[in-house]
Amino acid sequence: MNDRLLVIVSEYVSEWIEKGEVVDRYYNPGDRFAEVHLLLTNDDDLRPEDVQRLVGSARAYVHHLPMDRRLFARTVGWRPRLLREWAEGAVDIAREVRPSLVRCYGAHVNGVCALEVGRALGIPFAVSLHTLPDDPAGPRVPWFWPRVEAEAIRSVRRRVLQEADLVIAVYASLVPYLEHAGARKVEVVHNALNVQQSQLKRDYELHDPVRVLSVGRQIVGKDPRVLIEAIAGMPGIQLTLVGDGALRQDVEQLVTRLGVRDRVEIVPAMKNDDLVASLADYDFFVARNDYRGVPKAVFEPMLAGLPVIVNRPNGVVPELTGDTCVLVDPTPEGYRSAIERIVAGKDEREALGRQAQAWAWNALAPERVEARLVELYDELIAEAALSPRR
């Protein structure tokens, strides 16, 4: 196909690339588009060749429409109507590009650009939501101006979600929020993952010592210290923590205080390619996650076939059930009991891993996710051809 895609990006993509957090064709699932134009609303110094893996076989283009701090004041807190003048820059670029579809990841000010492009050119726009706004486990905003900005973006988000032709929820527990926000069309399509068939776990015999993996940011909502406390009295367990964050120093201090420096390895960062390639080398996966969603760091071990232990979610999270993981109380005792159970029974360990894997390949398989996105994009473009957006 010769269609062009315009992706309006608020994130610093260069940081993903530097950290190795890149998924093939993330911006061009199924190589659906011949050209992918990234419009950055920041000062990220990206070159087209930097994002080639993200756009697959498409030709990549990078454009800039940076925001500055004064824009917030000039638009009286990012009022969508007052943002139109700034968003005209996106419309001008879109007139030159002539995209068939506009795509946003996250419903932020980039969504206002998409709204204006869609209105001016009569083309559809799709936006995805990746976190639950006002999640009880989310960080509290203590200072005045950050609170003002948080309130402003809440208003922008609702407008974008209500106007979008399609809103993609990357996990099912986002759907009630999106319906309440007034989104017109909502589809659950999980995040693109990086696990390949050749990287699946096939042997469920335990290593000596037992190898346990946990991946996640070291922040309050994912505090891994409870995992360290759980294995402190289990000399046969080797725990690898992959991730960094505000709690890193506290985590290091706990490891030293409990005398488990020889059994707890902390890896601040690892390229995703290397991480998923190593999953099958671990015996099982443990995680602490208080958010009302499922991080890809939990989905990837399921896809690889590892037994997964995670705390019971705060609210309804349809992806986390007794068929996909072992759910525990978020206490050292809760995790320790589950670890003992997994270690003791090879048959149960293997059954848990294979059940999680079967569910994950049905719901999360990379080719299935890509195919569904292509199908949705095709529908939007076909509908717009019959009845252009105005």
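Biologist: At what angle does helix 5 run to strand 4, and why is that called roughly antiparallel?

Modeller: In this predicted model, helix 5 (residues 109–121) lies across strand 1 (4–9), strand 4 and strand 5. Its direction makes about 170° with strand 4. Angles over 145 degrees count as roughly antiparallel, so helix 5 earns that label against strand 4.

Biologist: Which strands does helix 14 touch, and what is its angle to strand 4?

Modeller: Helix 14 packs on the sheet through strand 4, strand 5, strand 6 and strand 7. With strand 4 it makes about 135°. That value is neither over 145 nor within 65 to 115 degrees, so it counts as oblique.

Biologist: How do you know that strand 5 and strand 6 pair?

Modeller: Pairing needs at least two bridges, and strand 5 (residues 125–129) and strand 6 (residues 166–169) have four, so they qualify. They run in the parallel sense, and Leu-129 stands opposite Ala-169 in strand 6.

Biologist: What is the strand order in the seven-stranded sheet, and which strands are at its edges?

Modeller: The order is 3-2-1-4-5-6-7, an open sheet with parallel pairing. Strand 3 (59–64) and strand 7 (186–188) are called edge strands as each pairs on one side only. From one strand to the next, the twist averages 20°.

Biologist: And the six-stranded sheet: what makes strand 10 and strand 13 edge strands?

Modeller: This open sheet is also described by its order, 10-9-8-11-12-13, and its pairing is parallel. Strand 10 (264–267) and strand 13 (326–328) each have a single partner strand, so one side of each lacks a neighbour in the sheet. Neighbouring strands here are turned by 25° against each other on average, direction ignored.

Biologist: How many bridges join strand 12 to strand 13?

Modeller: Three, and the two strands run parallel. The threshold for pairing is at least two, so strand 12 (residues 308–311) and strand 13 count as paired. Leu-327 in strand 13 is the bridge partner of Val-310. Helix 11 packs on this sheet, touching strand 8 (210–215), strand 11 (284–287) and strand 12.

Biologist: Why is helix 11 described as roughly perpendicular to helix 13?

Modeller: The axes of helix 11 (residues 296–304) and helix 13 (residues 346–363) come within 6 Å and cross at roughly 110°. That falls in the range of 65 to 115 degrees, so helix 11 is roughly perpendicular to helix 13. The contact of the two helices has eight nonpolar, one polar and no charged residues. Among those meeting are Phe-299 and Met-302 from helix 11, with Trp-359 and Trp-361 from helix 13.

Biologist: How many cavities are there, and what is the volume of the largest?

Modeller: The count is one cavity of 30 Å³ or more, and the largest has a volume of about 120 Å³. Ser-214, Val-215, Gly-216, Lys-222 and Arg-288 lie nearest its centre, among 15 lining residues. The lining of this cavity divides into eight nonpolar, four polar and three charged residues.

Biologist: What is the volume of the second largest pocket, and which residues are closest to its centre?

Modeller: The second largest pocket has a volume of about 290 Å³. Of its 23 lining residues, Val-23, Asp-24, Ala-192, Val-369 and Glu-370 are closest to its centre. Helix 14 gives the most to this lining, with five residues. By class, the lining of the second largest pocket holds twelve nonpolar, six polar and five charged residues.

Notes
Residues are numbered from 1 along each chain as its sequence is written. This is a predicted model: local features need pLDDT of at least 70, side-chain atom pairs count only at pLDDT 80 or more; totals for chains, interfaces and linings use all residues. Side-chain values use heavy atoms; hydrogens and water are left out. On a 1 Å grid over the protein atoms alone, a cavity is a set of points where a 1.4 Å probe fits but cannot get out, and a pocket is an open set with protein on both sides within 12 Å along at least five of seven lines; lining residues have an atom within 4 Å of a point. Grid points are joined across faces, edges and corners, and a volume is the space filled by probe spheres set on the points. Ala, Val, Leu, Ile, Met, Phe, Trp, Tyr, Cys and Pro count as nonpolar, Asp, Glu, Lys and Arg as charged, and the others, Gly among them, as polar. Axes are lines fitted to C-alpha atoms, for helices over the stretch in contact, and angles run from 0 to 180 degrees between N-to-C directions. Angles under 35 degrees count as roughly parallel, over 145 as roughly antiparallel, 65 to 115 as roughly perpendicular and the rest as oblique. Contact means heavy atoms within 4.5 Å.
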